[in-house]
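Colleague: Please take one part of this model and go through it closely for me. I would like to hear about a loop first, and then about what lies inside.

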Amino acid sequence: MKPMLLRVTRYGESILRQPGQTVTVFDDALHELAENMVDTMYEEEGVGLAAQQVDQALMLCVVDVSGLPDEDLDYQLDGLRQPIPMIMPMALVNPVVKSLPGKTVWGEEGCLSFPGIRGDVPRDEQIEVSYQDLDGDPHTLVCGGWFARVIQHEVDHLHGRLFIDHMDKRQLRLLDNKLKQLKRETRDSLA
Ligand SMILES: [Zn+2]
């Protein structure tokens with residue numbers, strides 16, 4: 001099936017606040033959706049994309065952290081550290097994130113659904129993610145640093161949570177006008 005680019009939903013669209021449904025059917029349509037999400041993520045130069053960002057309330061996200069600095073890519077997939085090119089891009093179905101003992105770290109994030117907006121967000125430094133692949137097989141990923149940040153950002157989307165929900169009041173005040181403008185633009189473009 002020929003992959004195609006999908007429209008990325010923007011802040012102000014209600015789908016971004018909808019929790020995703022658990023995926024129970026691992027068929028060709030799911031593979032095709034994930035492939036199209038990966039192509040869309042590359043086209044938009046993102047490092048992750050959640051189903052809600054392509055207008056689907058499903059527990060499915062894709063990530064590719066190959067572009068992030070190597071020293072930050074601290075991870076184990078099913079107990080092994082396979083080279084990054086072998087495991088990326090990655091599709092995570094029905095992911096469940098558990099924090100591991102460690103610090104909370106602040107870092108600057110952006111989001112394809114919030115063009116032009118970036119802000120500091122606190123995340124757990126170390127996490128363990130249980131998920132299924134596109135064939136329904138279970139996996140466990142332990143990761144830290146930017147890898148963990150990207151996964152937490154994407155899994156938040158699957159629960160209808162957005163990065164602005166984690167920002168402090170000062171940050172939100174600084175972004176207030178931009179956020180209001182983006183919401184207006186989104187509504188106008190869909191009207
Ligand atoms: Zn996002």
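**From a loop to the core**

Modeller: Asp55 sits in the loop that links strand E1 to strand E2. Keep in mind that this model is predicted. Asp55 is not a glycine, yet its phi is positive, about 70 degrees. Most residues other than glycine have a negative phi. Asp55 has 14 other C-beta atoms within 10 Å, so it counts as partly exposed.

Glu45 makes a useful partner. Its place is the loop between H1 and E1. Phi of Glu45 is also positive, near 60 degrees. Glu45 has 8 other C-beta atoms within 10 Å, so this residue is exposed.

Now go inside. The largest nonpolar core has 35 residues, and Cys61, Val62, Val63, Ala91, Phe147 and Ile151 touch the most other members. Several elements each supply at least two residues of this core, among them E1 (48-50), E2 (60-63) and H3 (145-158). H3 gives the largest share, 7 residues. Nonpolar side chains tend to be buried together in soluble globular proteins.

Look at Cys61. Beyond its neighbours within four places in sequence, Cys61 is in contact with residues including Leu49, Ala50, Leu92, Val155 and Leu158.

Finish with H3. All 14 of its 14 residues are buried, so H3 is largely enclosed by the rest of the structure. Its length fits too: at 1.5 Å a residue H3 should span 20 Å, and its end C-alpha atoms are 20 Å apart. After H3 comes Gly160, with a positive phi near 80 degrees.

Conventions:
Residues numbered from 1 in each chain as written. Core = buried A, V, L, I, M, F, W, Y, C linked by C-beta atoms within 7 Å. Buried ≥ 20, exposed ≤ 12 C-beta atoms within 10 Å, placed from the backbone. Helix = DSSP H or I, 4+ residues; strand = E, 2+ residues; numbered from the N terminus. Contact = placed C-beta atoms within 7 Å. Expected span 1.5 Å × (residues − 1).
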